[in-house]
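I opened the notebook to keep track of what I looked up. Entries are in the order I made them.

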Amino acid sequence: MSFVGPAEEIENVALALLGMGIFEPMPLEVMMEGRPLNSRFQTSRGNAYDALLERLNRLLRESGLPIPERPFADRLPSLSLQELEERVAALESTVDAWNKELSGLREEREKWRAMLAFGDAIRGTGRSLSDFSRAFSVRTAIGTLSNENWRRLRETGLAAPILVVPLIEETDRVTAVVFYEREYHEDMNKIFSAVHMRLVPVRPEEYGRYDSADAVRYQLEAVESEIERCRAMPWRYLSDNRAEIDKLCAAVYAKQRVASLCRFRGELAGMTALTGWIPWDSYNDVRVVTAQKAPHALLNAESGSALERAGNELPTLLRNLPLIRRFQEIVRLYSLPSYSELDPTFVVAVSFCFFFGFMFGDVGHGIALILGTRFLEKKKIMGGAIASVMRIAGLFSVLFGFLYGSVFGDESLIHPLWLSPMRDVNSILPVSIGVGIVFLSLGIAFRIYNAACKREWGEVLFSPEGVTGLLFYWLAVLQAAAAAGALPGAALGTGVFAVIMGVLFLLMLCGNGIAGFFFHGETVDEGGVVHVFSVFHAMLNFISNTASFVRLAAFALNHAGLCGAVLMLGDMVENAPGGRLYHAFIMVIGHLVIVALEGMIVFIQTLRLEYYEFFGKFYRGGGRPFAPVLWEK
Amino acid sequence: MAFPVGGRIAESSKAKVRKGTLLSREDLRLLLEQTTVGDVALRLGETSYAAVLKGVSLENMRRSELEFLLNVSVLAEGVAFRHYANLEDRKLLDLWLESFDIAMIKEHLRFKMRTAEREQLSPDRMLDIVSDFQLTLVDQEKLLSSSSLRDILASVKKESLRAALSEGIPAGLESVLADRGPEFQKTMFALGMILDRCYFDSLYAAAAALGGEEGRMMRALVGTRVDLLNLYWIYRARRFFGMSPEESLTLILKARYRVDFGLLTKAAFAPPEAFAPTLAGTPYAAVFGGGPAPREDADSSGGAASEEDAGLREAAVERRFYRRLLSVVGRVFMSGALGFQNVAAYLMLREFEVRDIVAITEAVRYGFDRSKIDLILIRSLGKGID
């Protein structure tokens with residue numbers, strides 16, 4: 001979308017777009033590239049309201065007030081940046097006056113505390129501070145510094161003619177006294193400055209005034225109560241003017257958000273131009289809003305596909321049903337689909353649950369997986385979409401557990417609704433291969449669809465992962481199934497089979513040439529020899545990819561075997577002294593290991609089937625997420 | 001155990017593979033032959049720096065932008081290792097990459113102060129370039145929109161660093177940034193030192209906590225730099241800033257590797273001409289002009305006569321500083337041991353290469369005498385194999 005119109009109107013549209021949460025700004029230069037007026041637009045990417053908002057937030061934070069809620073405002077405040085700045089500055093100056101006073105009082109407190117500690121230390125030696133002020137050749141300086149700088153000062157003290165003694169050691173600061181020769185005063189000042197030591201402003205000649213510990217303590221208490229009074233003042237002032245401050249916060253926030261949405265805008269002769277992406281189905285809403293809020297603005301929309309063909313990188317917005325949306329994370333882990341690519345999330349969601357349940361089918365282990373995920377989620381070890389995916393996967397484990405009749409590996413508790421992996425190996429193996437064939441065919445179909453969307457007809461028709469390849473694959477599968485006796489009567493005669501397969505193979509080998517002949521302009525990425533090898537490679541992939549799905553059955557068997565082993569170990573120790581205890585121990589540990597270790601392995605295997613066997617057939621990815629500017633920062 | 005080992009193999013292998021993408025001497029020589037910064041950028045666009053220069057108009061590139069983009073490339077190289085690293089290494093990597101955040105803070109201070117005479121990149125453009133990265137030490141948006149020292153402090157995410165920085169700002173200067181008085185200049189210097197100390201002390205502490213061969217190598221990599229920095233800061237404080245020995249000792253890091261406080265004190269109290277002899281018996285004497293010069297120096301310096309120029313002599317000290325580190329990096333790769341040290345060594349090589357490219361770009365931009373470039377470059381263009 002491009003909007004061009006008076007600045008005020010464009011800002012009103014921007015506010016409305018913020019409320020809708022559907023606009024991702026893009027640099028004006030990208031949209032205007034190669035067009036007239038491009039170089040005449042003044043663009044600026046800064047947001048002057050960022051600093052202002054931060055100043056306001058800091059003022060509230062430092063005064064101990066909560067930052068107010070920011071409900072969406074449907075009208076933009078009329079105050080200009082300068083007016084808002086003036087108001088914030090006025091608030092700051094009022095609060096700063098108290099802060100300055102507070103800072104002075106804190107320094108005063110530091111002085112009294114330091115003098116009390118120094119006085120106590122001197123009195124501990126049987127002398128008084130006044131005695132000390134009469135020492136002419138040695139000077140003293142008292143001050144506070146951070147622990148890190150205290151370490152540096154102490155270390156410097158090893159090399160310099162000074163003596164450093166800590167008076168008050170706190171968790172983050174140290175108050176110390178430094179003794180040095182009178183002639184060393186200038187150098188010492190440089191060292192104090194280098195270690196950022198804040199010196200107490202008391203000269204040795206004045207030490208006599210701090211001789212009485214009670215008097216010093218009295219002063220200290222007076223300063224502390226004054227600090228308490230002063231500390232409450234900004235809070236009180238801001239609380240008393242809360243309504244006005246909330247209004248100011250709302251105004252600055254609204255302006256900041258609008259400026260953020262308009263950060264790539266361009267200015268030309270009093271007009272503002274704003275460009276960005278919106279989802280296509282929001283176009284009508286945006287048109288209506290623009291007509292209402294900016295009657296003098298021009299609106300221009302260009303279709304994503306056209307922009308993509310022109311070489312622009314468009315953002316991707318995935319839209320799926322709430323439950324399916326959880327599996328977007330699995331897709332995103334691999335890579336987000338690019339703009340015009342098919343979103344495979346739905347198929348991934350269904351197949352992921354099916355594969356996981358197939359390999360890890362057990363009622364008890366499924367429930368344990370759900371509870372374990374919930375526990376890890378509470379402990380914040382696992383979170384978000386992955387935890388949801390694991391919970392749904394656990395649910396499918398329970399479902400397949402009923403199909404297999406398995407509860408914690410025990411197949412005697414419930415009757416299997418379908419089969420038992422251990423006893424029906426001959427049934428489960430063909431099923432797993434069948435699932436693989438369907439899944440791979442789906443992958444190839446997706447590739448055909450993607451290529452068709454891009455009008456790459458040569459790829460659609462003659463590629464090993466196009467229509468010809470799919471026919472070749474299906475024919476080979478059909479013949480193999482017939483030969484294995486699974487589909488009696490479906491077998492073609494050897495000669496017919498060989499001829500059809502040969503023709504299909506030749507079509508794939510010569511696909512590039514044929515495509516070049518029939519569909520002019522289609523570019524060929526690879527040379528002839530490479531293409532021949534890639535066709536052979538694709539043929540081998542058909543075999544290896546299909547065989548890969550044997551793992552569905554293998555892991556189902558593996559699960560049953562592992563459970564059997566745990567049950568057997570438990571039975572072995574049951575008759576020993578204290579056997580029941582050992583039995584329970586083995587059961588708990590064994591099943592925990594199965595859920596944690598095998599659960600993880602099956603999760604990885606499922607990902608492998610998705611990413612390698614399925615995505616490998618059609619998926620390119622490399623998309624970037626659609627990131628609209630929202631009202632909430 | 002399988003995962004940490006897998007991660008180490010992956011990150012070490014990637015580091016060695018990426019090392020192969022560094023520029024050759026011939027590439028550097030070609031850069032030096034260019035006539036404008038744009039030409040240098042165009043040539044870099046054909047190398048492993050292409051990714052970071054993508055989508056930018058190279059012909060009209062300014063020196064400041066190119067320099068910033070090159071520094072971002074080191075960050076990008078580092079971030080790419082995050083996917084391979086285990087949790088501990090990831091923390092270490094993040095800590096290592098905080099050097100970029102530190103440089104950003106310093107650069108921003110310089111920009112706001114306009115202390116540098118040369119052109120500088122605007123905060124808007126910086127923000128645009130780093131918008132793809134999540135910096136760990138600083139909130140880049142807050143930093144680059146800050147208009148006072150207090151704003152800059154607020155942009156620092158690490159509590160301890162924020163506290164240390166606020167300690168270095170005198171009370172009256174908190175809200176000022178554009179004041180260029182001597183007190184402010186002093187504060188800027190102090191802030192720079194606090195940033196460096198915080199970074200290198202934390203990094204060395206993290207390296208010192210590692211065990212085995214990885215720990216030994218990491219201590220050597222970071223520790224050598226720590227030792228050299230401690231000595232270099234004392235050297236410069238005494239020689240150029242007229243600081244007293246005691247004052248110069250307040251600059252140094254908490255971390256120590258081979259040079260203890262006793263030796264640092266000796267070096268600080270030594271007169272300038274005796275600085276290097278004080279370090280005799282340590283591997284650092286040659287860096288400061290004592291002991292036998294490294295072979296590469298002898299090859300490339302063009303004779304002692306050309307080094308008489310004081311500026312070039314100091315540049316040669318800095319160059320030897322980095323060449324010393326280069327030899328430690330070489331040892332890490334030679335050892336062949338797996339671990340984070342390979343990533344760190346590779347990132348150091350990238351950093352040094354960027355320094356060299358920046359030096360070449362400056363020579364091109366400001367018309368420096370290119371025959372003397374070898375006195376500045378960390379990697380000699382003269383002889384040797386890549």
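The entries below cover the interface, salt bridges and helix packing of a predicted model.

**Entry: the two chains**

I began with the contact between the chains. Chain A puts 30 residues into it and chain B puts in 29. I then looked up the area buried between chain A and chain B, which is about 2,300 Å². Carbon and sulfur atoms give 47% of that area.

**Entry: salt bridges**

Side chains of opposite charge can pair when their charged atoms come close. How many salt bridges lie between chain A and chain B? I noted a count of 5 between these two chains. I looked up a pair formed by B:Asp151 and A:Arg58, a salt bridge whose closest N and O atoms are 3.0 Å apart.

Over all chains the count comes to 46 salt bridges. I picked a pair in chain B as well: B:Lys106 and B:Asp196 meet through their side chains, at 2.8 Å from N to O. This salt bridge links distant parts of the chain, with its two residues 90 residues apart. I placed B:Lys106 in helix 6 (residues 87–113) of chain B and B:Asp196 in helix 11 (residues 182–208) of chain B.

**Entry: helix 5 and helix 7 of chain B**

Two packed helices are described by the angle between their axes and the distance between the axes. I took helix 5 (residues 63–80) of chain B with helix 7 (residues 123–130) of chain B; their axes come within 11 Å and cross at roughly 30°. Angles under 35 degrees count as roughly parallel, so I wrote this pair down as roughly parallel. The crossing of helix 5 of chain B past helix 7 of chain B is right-handed.

On the helix 5 side of chain B, I listed B:Glu65, B:Phe68, B:Leu69 and B:Val72 as making the contact. Helix 7 of chain B brings B:Arg125, B:Met126, B:Ile129 and B:Val130. Sorted by class, the residues of this contact are 6 nonpolar, no polar and 2 charged.

**Entry: helix 12 and helix 14 of chain B**

Next I looked up helix 12 (residues 212–239) of chain B against helix 14 (residues 261–269) of chain B. Their axes lie 9 Å apart and the packing angle is about 20°, so these two helices are also roughly parallel. Helix 12 of chain B passes helix 14 of chain B in a right-handed crossing. From helix 12 of chain B the contact uses B:Asn230, B:Leu231, B:Ile234 and B:Arg238, and from helix 14 of chain B it uses B:Leu264, B:Ala267 and B:Ala268. I sorted these residues into 5 nonpolar, 1 polar and 1 charged.

**Entry: helix 12 and helix 18 of chain B**

Which hand does the crossing of helix 12 of chain B with helix 18 of chain B have, left or right? I found it to be left-handed. Helix 18 spans residues 340–366 of chain B, and its axis is 8 Å from that of helix 12 of chain B, at an angle of about 25°. This pair is therefore roughly parallel.

Among the residues that meet here are B:Met217 and B:Leu221 in helix 12 of chain B, and B:Ala344, B:Met348 and B:Phe352 in helix 18 of chain B. By class I recorded 8 nonpolar, 1 polar and 4 charged residues for this contact.

Technical notes. Residues are numbered from 1 along each chain as its sequence is written. Chains are lettered from A and ligands numbered from 1 in the order in which they are written. This is a predicted model: local features need pLDDT of at least 70, side-chain atom pairs count only at pLDDT 80 or more; totals for chains, interfaces and linings use all residues. Side-chain values use heavy atoms; hydrogens and water are left out. Axes are lines fitted to C-alpha atoms, for helices over the stretch in contact, and angles run from 0 to 180 degrees between N-to-C directions. Helices (H or I, at least four residues) and strands (E, at least two) are DSSP runs, numbered from the N terminus. Angles under 35 degrees count as roughly parallel, over 145 as roughly antiparallel, 65 to 115 as roughly perpendicular and the rest as oblique. A crossing is left-handed if the near helix is turned anticlockwise from the far one by less than a right angle, and right-handed if clockwise. Contact means heavy atoms within 4.5 Å. Ala, Val, Leu, Ile, Met, Phe, Trp, Tyr, Cys and Pro count as nonpolar, Asp, Glu, Lys and Arg as charged, and the others, Gly among them, as polar. Buried area is the accessible area (1.4 Å probe) that two parts lose on being put together, summed over both. A salt bridge is a side-chain nitrogen of Lys or Arg within 4 Å of a carboxyl oxygen of Asp or Glu.
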